[in-house]
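Here is a short guided tour of the structure shown below. Take a moment to turn it around before reading on.

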Amino acid sequence: MNGTTAPSPWLPTAPCTPGRCAAHPESAHPESAHPESDGAPGQAGVVRALVRLTAGLGTVLLGLLVAPATGLLPTAVRLALVRHWTRAAVRAFGVRARYEGVPADGPLLVVANHVSWLDIPLIAAVLPGRMVAKSEVRRWPVLGTLAALGGTLFIARDGLRSLPGTVREMSGVLAGGGRVIVFPEGSTWCGREGGRFRPAAFQAALDAGRAVQPVRIDYGPTDAAAYVGADPLGSSLWRVVSARRLTAVVRVPEPLTGLRHQDRRTLAAAAQRAVEQSGADRRAVEHSAGDRRAVRQPAVDRSGADRRVVAQRAVASDSANLPSLSVHQRSSSSPASARSARTPA
């Protein structure tokens, strides 16, 4: 759904807008793009972008064609095919994915932060299950049909009347040994900002006596993957396939159980803390790695002047090993003031 609507329990607002949080092809046309050095994010060539777009859509369509036949396969085989197919689709679109952590086995309520439509295949590649999505997704061309074939639980998020039935359906899937995937922020956020985890979905895990598996998804560069506000799907697809070295990191921390969190609000808050902490841990590791790379500067001692350079670098290296400011002390980017009602899942 594009545009902004009145707030509701199922349609929270996010201070993330396309103009503020996403780099659009209109503002970075390939003909006017400056060539970047290898490894720097930027616009790929038009030919490369078209190849990626064709390969990605072709992989999605292939899954759509073979999906009916996979229903006849054993569950373990079918889920393995889903994992391989979704990884292939993500890679075909030019996205490099890295997974950290070992997901729990068995029926789980999987909850994750929500940045992009890419979140869906990235999670399915490691934790395939039945997605919870807004009813409008069912009408999307190709993707809507694919979502329906995949057993997506479609919900009408324009009021509270559908909420109890949705929670019961989710609980039934979990109790039957299935896995349910939901984005409890209720809307996509840019990745630099995040929303509160709404507790309704967590009641399904409590009712079924199942664990909650938090997942953290980060992108680099974030603005290339962000799918927020009134951003058209076509623009987002082109931005993704045009991005240079777009990377997704999926972190899977320890699961949570209702034994320690016995009501949906405390369970939702605990899951949100786990997701946020995973993001903070990743930024701390990257910050530390960046410091180490800055210290490791080779020097060739060819003259007296070079020896002085070596000595100066040694002093700088010693200074770099002193305690530095915590990564948490860095100022965060201020959110945009406009409202977003983007809710692809």
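Two strands count as paired when DSSP finds at least two bridges between them. With that in hand, strand E6 (residues 211-220) and E7 run antiparallel and are joined by five bridges. One of the contacts in this ladder sets Ile 217 against Val 250 of E7, its bridge partner. Strand E1 (residues 95-100) also pairs with E7, this time in the parallel sense and over six bridges. Here Arg 98 has Val 249 of E7 as its bridge partner.

Please keep in mind that this is a predicted model.

**The pairings of E7**

| Partner strand | Sense | Bridges | Example of bridge partners |
|---|---|---|---|
| E6 (residues 211-220) | antiparallel | five | Ile 217 and Val 250 |
| E1 (residues 95-100) | parallel | six | Arg 98 and Val 249 |

How enclosed is strand E7 (residues 246-251)? Five of its six residues are buried, so the rest of the structure largely encloses it.

**Leading into E7**

Helix H9 (residues 233-242) is mostly covered too, with eight of its ten residues buried. Among these buried residues of H9 are Leu 237, Trp 238, Val 240 and Val 241, and Arg 239 is buried as well. The loop between H9 and E7 holds Arg 245. What is the sign of phi at Arg 245? Its phi is positive, near 60°, in a residue that is not glycine. As background, most residues other than glycine have a negative phi. Arg 245 counts as partly exposed because its relative accessibility is 31%, and the range for that class runs from 20% to 50%.

**Arg 87 and its surroundings**

Another arginine to look at is Arg 87, which sits in helix H3 (residues 75-92). Arg 87 has a relative accessible area of 41%, so it is partly exposed. Which residues does Arg 87 contact, leaving aside its neighbours within four places in sequence? They are Tyr 99, Ala 125 and Val 126. From C-alpha to C-alpha, Arg 87 lies 8.1 Å from Ala 97, a residue ten places away in sequence.

**A patch on the surface**

Leu 62, Leu 65 and Val 66 make a nonpolar surface patch of about 310 Å². Leu 62 belongs to helix H2 (residues 46-70). As a reminder, an α-helix has 3.6 residues a turn, so residues three or four places apart point the same way.

**The chain as a whole**

The protein chain contains eleven helices and seven strands. Of its 345 residues, 44% are buried. The chain exposes about 17,400 Å², and carbon and sulfur atoms supply 56% of that area. Among contacts between residues at least 6 apart in sequence, 81% join residues at least 24 apart.

**How far to trust the details**

The mean pLDDT of the chain is 74, and 65% of its residues reach 70 or more. Among the elements, strand E2 (residues 108-112) has the highest mean pLDDT, at 97, while helix H11 (residues 304-320) has the lowest, at 42. Where does pLDDT stay under 50? One such stretch is residues 1-10, for which the model has 27 contacts beyond four places in sequence. Another is residues 299-341, with 45 contacts beyond four places in sequence. Where pLDDT is low, the predicted coordinates should not be read in detail.

Definitions and conventions: Residues are numbered from 1 along each chain as its sequence is written. This is a predicted model: local features need pLDDT of at least 70, side-chain atom pairs count only at pLDDT 80 or more; totals for chains, interfaces and linings use all residues. Side-chain values use heavy atoms; hydrogens and water are left out. Patches are made of residues with over 30% relative accessible area and no salt bridge: like charges are joined within 9 Å, nonpolar side chains (Val, Leu, Ile, Met, Phe, Trp, Tyr) within 5 Å. Accessible areas come from the Shrake-Rupley method with a 1.4 Å probe; for residues, only the protein chains shown count as cover. A salt bridge is a side-chain nitrogen of Lys or Arg within 4 Å of a carboxyl oxygen of Asp or Glu. Helices (H or I, at least four residues) and strands (E, at least two) are DSSP runs, numbered from the N terminus. Buried means under 20% relative accessible area, exposed over 50%, partly exposed in between (1.4 Å probe, protein chains only). pLDDT is the predictor's confidence in each residue, from 0 to 100. Contact means heavy atoms within 4.5 Å.
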